[in-house]
Number of protein chains: 2
Amino acid sequence: MQKTRFSDAPCPVARALDRVGEWWSILILRDAFQGLSRFDEFQQSLGMSPTLLARRLKDLVAHGILYKERYQTRPARYHYLLTERGNDFLPVLAALSQWGNNHLTDGDVCALLVDGRNDRPIQVQLVNRDTQQPVPPQFITLAPGPAASDGIHQRAELMRQRRLADLPEFTKEPS
Amino acid sequence: MQKTRFSDAPCPVARALDRVGEWWSILILRDAFQGLSRFDEFQQSLGMSPTLLARRLKDLVAHGILYKERYQTRPARYHYLLTERGNDFLPVLAALSQWGNNHLTDGDVCALLVDGRNDRPIQVQLVNRDTQQPVPPQFITLAPGPAASDGIHQRAELMRQRRLADLPEFTKEPS
DNA sequence: CAGTATCCTGTCCGATACTG
DNA sequence: CAGTATCGGACAGGATACTG
């Protein structure tokens with residue numbers, strides 16, 4: 001809305017960051033997935049100023065990630081709910097949460113992904129779209145698509161060769 | 001390093017954002033996964049000022065996501081490679097990329113996830129960790145872990161009930 | 001309850017210039 | 001090539017007060 005730094009970038013990652021790149025936006029979405037919907041619920045949970053919260057909510061609504069709905073007429077009460085686009089954001093949150101839990105906590109895990117039907121833990125995984133078979137991360141490349149520039153194509157090809165040829169290089173740790 | 005806004009937050013998402021919350025950090029990682037490693041490669045690809053790039057690289061190294069290595073002695077040449085922690089970040093990038101491609105492009109897909117062994121497209125999926133079976137997103141809840149507060153537990157339980165009881169609510173689109 | 005209106009500050013970031 | 005030094009602007013974000 002007010003900022004358009006990467007909104008016209010061809011890269012989907014950059015475009016995504018243009019929509020949800022602000023810290024608070026992602027934390028708001030996290031809370032939305034945990035069931036929060038009202039203005040004051042977000043404010044209390046996140047401890048942010050109403051001004052900024054209003055700004056972030058407005059942006060998320062403008063980008064079609066949340067939508068605002070009046071759920072009560074007298075007095076008027078609103079809540080913010082996830083659109084389909086917003087719901088589709090869950091895997092990002094899941095991946096972020098999984099990474100955070102694996103690498104950034106000291107054993108005090110505080111948020112887990114579970115299947116609400118049976119409380120089984122969930123894991124993010126990368127799978128072959130056709131076969132549904134899991135693919136080890138070291139084989140995956142962020143390949144450029146049709147809209148990418150030539151330079152990117154060359155880089156990507158080089159990277160793929162490297163990863164396939166010399167896998168140990170990519171699992172090596174700093175000395 | 002210089003900022004510690006959420007570094008002590010119990011939520012893994014918040015902690016993750018504390019490490020890679022800056023726009024450029026994620027874009028640097030994206031490029032790292034595409035094979036870039038040298039300072040000037042990043043700079044040229046991202047078009048950012050050397051000052052800022054140095055700062056971001058330093059942060060990523062400090063957080064153990066990249067590591068700096070001299071690959072040539074005379075003259076000294078360095079490159080930045082992904083640590084294991086950095087490599088584990090791929091699912092996040094994948095999820096972000098998938099979301100961006102599905103929702104934020106006008107058909108001009110520019111980056112795809114593929115299995116480098118056979119060029120098959122990759123998809124991010126949420127699966128049951130034990131059975132490896134895919135779980136539909138609407139059943140997934142971001143449940144609080146042991147370290148979460150009571151309030152969060154209550155919210156989460158409420159959310160789970162809502163999602164399980166009234167699924168249509170969560171797939172509804174704005175009028 | 002659900003925000004808006006202001007004011008202020010930190011810092012993210014850009015641009016340019018310079019060094020081993 | 002691989003950065004550091006410095007300056008300045010824009011804006012995210014904080015704090016407080018106020019309204020329907």
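Before the structure, one convention on residue classes. Ala, Val, Leu, Ile, Met, Phe, Trp, Tyr, Cys and Pro count as nonpolar, Asp, Glu, Lys and Arg as charged, and the others, Gly among them, as polar. With that in hand, take the surface near DNA strand D. By class it has ten nonpolar, four polar and nine charged residues. I'll come back to that surface. Keep in mind that this is a predicted model.

Let's start with the protein chains. How many residues of chain A are in contact with chain B? The number is 103, and they meet 103 residues of chain B. Between them, chain A and chain B bury about 10100 Å². Carbon and sulfur atoms carry 62% of that area. In chain A, the residues that lose the most area to chain B are W23(A), W99(A) and L142(A). Together those three make up 9% of what that side buries.

Now the polar side of this interface. The rule finds zero salt bridges across it. Polar contacts are another matter: 19 residue pairs between chain A and chain B, both partners at pLDDT 80 or more. Which element of chain A gives the largest share of the side that touches chain B? That is helix α6, residues 90–103, with twelve residues. By class, this side of chain A has 58 nonpolar, 18 polar and 27 charged residues.

There is also strand pairing between the chains. Strand β4 of chain A, residues 120–128, pairs with strand β4 of chain B, also residues 120–128. The sense is antiparallel, and the pairing runs over seven bridges. As one example, Q123(A) has V127(B) in β4(B) as its bridge partner.

On to the DNA, strand C to begin with. It is surrounded by 23 residues. The closest are D40(A), T51(A), K68(A), T51(B) and R55(B). What part of strand C does the protein approach? Of the strand C atoms within 4 Å of the protein, 69% belong to sugar or phosphate, and the rest to bases.

Some individual distances on strand C. The side chain of T51(A) has an N or O atom 2.4 Å from a base nitrogen. Two lysines reach phosphate oxygens. For K68(A), a polar side-chain atom lies 2.7 Å away. For K58(A), the figure is 3.4 Å. Several elements give two or more residues to this surface. From chain A they are α3 (39–46), α4 (50–62), β1 (66–72) and β2 (77–82). From chain B they are α2 (23–33) and α4 (50–62). By class, the surface near strand C divides into nine nonpolar, four polar and ten charged residues.

Last, back to DNA strand D. Here 23 residues surround the strand. The closest are T51(A), R55(A), D40(B), T51(B) and K68(B). Sugar and phosphate account for 71% of the strand D atoms that come within 4 Å of the protein.

Which side chains have an N or O atom by a base nitrogen of strand D? T51(A) does, at 2.9 Å. T51(B) does too, at 2.5 Å. On the phosphate side, a polar side-chain atom of Y80(B) lies 3.0 Å from a phosphate oxygen. The elements giving two or more residues to this surface are α2 (23–33) and α4 of chain A, with α3 (39–46), α4, β1 (66–72) and β2 (77–82) of chain B. Of these, α4(A) gives the most, with five residues.

Methods
Residues numbered from 1 in each chain as written. Chains lettered and ligands numbered in written order. Predicted model: local features only at pLDDT ≥ 70, side-chain atom pairs only at ≥ 80, totals over all residues. Heavy atoms only, no water. Contact = heavy atoms within 4.5 Å. Buried area = accessible area lost by both parts, 1.4 Å probe. Salt bridge = Lys/Arg side-chain N within 4 Å of Asp/Glu carboxyl O. Polar contact = N/O pair within 3.5 Å; in protein donor to acceptor, adjacent residues only side chain to side chain. Helix = DSSP H or I, 4+ residues; strand = E, 2+ residues; numbered from the N terminus. Pairing = 2+ DSSP bridges. Near = heavy atom within 4 Å.
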